[in-house]
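User: I am new to this structure and would like to learn how to read it. Please take me through some features, with the general idea before each case.

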Amino acid sequence: MTVWQALSRRGYLGSAWPWRSIAFLASGAVFGAVVLVVIVAGAVVGGATAVVLVGLPLLVLTALCGIPVAATERWRLRLVGVGPVPLARHRVPDAPGLTRWLTVRLKEAATWRELAYALLLGLVLWPLDALVVAVAAGVPLFLLATPLLVAVDGEAKVVKLWTVDTWPAAFGVAAAGVPLLVVGAYALGLAAGARGEVAKALLGASGDSDRVTELVRSRVRLVDAFEAERRRIERDLHDGAQQRLVALTMTLGLARLDAPPGPLADQLAAAHGEAEKVLAELRELIHGIHPKVLADYGLEAAVADAADRSPVPVDVELDIAGRLPQPVESAAYFVVCEALVNVARHSGASRAAVSGGHADGRLTLDIRDDGRGGASSANGTGLTGLADRVSVLDGRLSLSSPPGGPTLLRVEIPCRPTEPCA
């Protein structure tokens with residue numbers, strides 16, 4: 001049961017929920033004041049001594065104080081039945097040691113989100129908790145205690161406003177405190193419930209965002225693994241199967257020269273021709289998996305090579321100042337290759353152009369043709385898979401192809417150069 005459910009029931013006043021509510025708010029006021037003192041002291045002392053490097057560890061500890069604060073707040077939420085609140089998804093360090101642990105903690109968003117909550121608790125929430133407890137519980141209890149104060153001191157000041165020094169007035173004030181105590185009990189429950197929901201929203205919001213972040217990271221790791229596997233297959237085919245086929249072709253060629261004219265020579269010639277065709281197909285396959293020019297010289301040279309091999313004349317105008325990350329180069333290259341294949345097969349174009357470059361942290365490529373237009377990613381042209389591949393890199397692929405042309409395919413991928421061009 002939560003405090004919200006208890007408030008809607010008749011037995012609320014006789015239950016433990018008013019006491020649990022006041023315990024939650026009062027402990028929040030005390031805890032928040034302590035958090036404020038710790039944060040201010042850590043920031044002031046750490047900042048003052050940071051010039052001699054002594055205060056740097058203290059500043060780091062201050063930045064990490066949100067972690068235990070958030071854990072304590074999640075535990076306190078049990079008092080009002082709000083929960084369960086998921087724990088922050090702090091990443092597990094990939095290496096042992098205090099230094100690596102601190103590095104991971106200071107880089108993840110969950111740590112700073114919990115520090116922000118600690119600051120909110122120390123600056124805003126605990127004064128509100130204290131005010132609610134003072135007004136909703138302190139004032140009615142003081143009114144009820146008026147006769148006792150008159151009996152001890154001979155008079156009592158009611159909420160610091162007026163003096164009561166007679167028994168009829170004292171009991172009248174105490175009688176007025178009874179309905180105020182009832183109202184205050186409900187006010188405490190409402191305030192505790194609202195306060196608990198605020199803490200739950202702020203401390204429990206990290207689950208989905210962290211899961212999304214982890215999904216994005218895992219997707220990028222999957223792309224990297226896929227690219228590494230492509231390069232391994234290309235290397236194995238180039239160094240293994242291709243070399244064996246070259247040796248087989250040479251052997252068949254020599255055997256063909258040594259064989260006397262007749263059926264055997266004809267069969268050797270046919271086998272030699274088939275071996276040459278298989279070798280040519282294998283070279284094209286290797287080139288399509290991961291072209292060597294892309295790995296050795298970068299995207300600009302690879303696009304120029306793809307343009308030279310295109311049946312349709314292609315003008316290339318690229319301005320890329322350095323090597324880009326391998327997944328970016330690979331995705332951009334295969335977009336260009338797929339686009340040029342579509343131009344040759346479907347567009348009826350007489351000329352195409354590839355332009356673009358890297359600027360403002362973004363790679364932009366435009367592939368144009370003067371064909372008939374009417375292209376669509378829904379027509380099985382392979383652009384849907386390329387769009388998915390670009391989106392993994394936080395990029396975007398767009399297509400404009402009105403009937404009658406021209407067709408423009410644009411790809412944009414955010415990235416930074418990894419090294420300058422040679």
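Analyst: The turns below go from the whole protein to helices, helix pairs and single residues. Note that the model is predicted.

User: How many helices and strands are there in the protein?

Analyst: A count of elements is a plain place to begin. The protein has 14 helices and 9 strands.

User: What share of the residues count as buried?

Analyst: Burial is judged from relative accessible area, with buried meaning under 20%. Of the 422 residues, 37% count as buried. For the outer surface, the protein exposes about 23,100 Å², and carbon and sulfur atoms supply 65% of that area.

User: How are contacts spread along the sequence?

Analyst: Take contacts between residues at least 6 apart in sequence. In the protein, 69% of these join residues at least 24 apart.

User: How do I check the span of a helix, for example helix 13?

Analyst: Compare the expected span with the distance between the end C-alpha atoms. Helix 13 covers residues 326-347, and its 22 residues should span 32 Å at 1.5 Å a residue. The end C-alpha atoms of helix 13 are 30 Å apart, which agrees.

User: Is helix 13 enclosed or open?

Analyst: Count its buried residues. In helix 13, 16 of the 22 residues are buried, so the helix is largely enclosed by the rest of the structure. After helix 13 comes G348, which has a positive phi near 70°.

User: Why do residues a few places apart in a helix point the same way?

Analyst: An α-helix has 3.6 residues a turn, so residues three or four places apart point the same way.

User: How do helix 6 and helix 7 lie to each other?

Analyst: Look at the crossing angle of the axes. Helix 6 spans residues 109-144 and helix 7 spans residues 146-153; their axes come within 4 Å and cross at roughly 55°. Helix 6 and helix 7 are therefore oblique to each other. In the contact, F142, L143 and L144 of helix 6 meet T146, P147 and L149 of helix 7. By class, this contact has 5 nonpolar residues, 1 polar residue and no charged residues.

User: And how do helix 7 and helix 8 lie to each other?

Analyst: The reading goes by the angle again. The axes of helix 7 and helix 8, the latter covering residues 167-204, come within 8 Å and cross at roughly 150°. An angle over 145 degrees counts as roughly antiparallel, and helix 7 and helix 8 are therefore roughly antiparallel to each other. On the helix 7 side, T146, P147, V150 and A151 take part, and they meet W167, A170, F171, V173 and A174 in helix 8. The classes here are 8 nonpolar, 1 polar and no charged residues.

User: Which residues does G189 touch beyond its sequence neighbours?

Analyst: Set aside residues up to four places away in sequence, then list the contacts. G189 touches V3, L7, Y12 and S21 on that basis. G189 sits in helix 8, and at 0% relative accessibility it counts as buried. G189 and Y12 are 177 residues apart along the chain, yet their C-alpha atoms are separated by 9.4 Å.

User: Where does G81 lie, and what does it touch?

Analyst: Place the residue between its flanking elements, then list its contacts. G81 is in the loop between helix 4 (66-76) and helix 5 (98-107). Leaving out residues up to four places away in sequence, G81 touches M1, T2, W17 and R20. The C-alpha atoms of G81 and W4 are 8.8 Å apart, with their positions 77 residues apart along the chain. G81 counts as partly exposed, at 22% relative accessibility.

User: What about S398; where is its place?

Analyst: The steps are as before. S398 is in strand 7 and counts as partly exposed at 33% relative accessibility. With residues up to four places away in sequence not counted, S398 touches L408, L409 and R410. S398 and R410 are 12 residues apart along the chain, and their C-alpha atoms are separated by 5.3 Å.

User: Which sign does phi have in D360 and D394?

Analyst: Read the backbone angle, then the location. D360 has a positive phi of about 55° although it is not a glycine. D360 lies in the loop between strand 5 (352-359) and strand 6 (362-369), and at 80% relative accessibility it counts as exposed. D394, also not a glycine, has a positive phi near 65°. D394 is in the loop between helix 14 (383-392) and strand 7 (396-400), and is exposed with a relative accessible area of 54%.

How values were computed
Residues numbered from 1 in each chain as written. Predicted model: local features only at pLDDT ≥ 70, side-chain atom pairs only at ≥ 80, totals over all residues. Heavy atoms only, no water. Helix = DSSP H or I, 4+ residues; strand = E, 2+ residues; numbered from the N terminus. Expected span 1.5 Å × (residues − 1). Buried < 20%, exposed > 50% of the residue type's maximum accessible area, 1.4 Å probe, protein only. Axes fitted to C-alpha atoms, helices over the stretch in contact; angles between N-to-C directions. Parallel < 35°, antiparallel > 145°, perpendicular 65-115°, else oblique. Contact = heavy atoms within 4.5 Å. Nonpolar A, V, L, I, M, F, W, Y, C, P; charged D, E, K, R; others polar. Areas by Shrake-Rupley, 256 points an atom, 1.4 Å probe, with all protein chains shown as cover.
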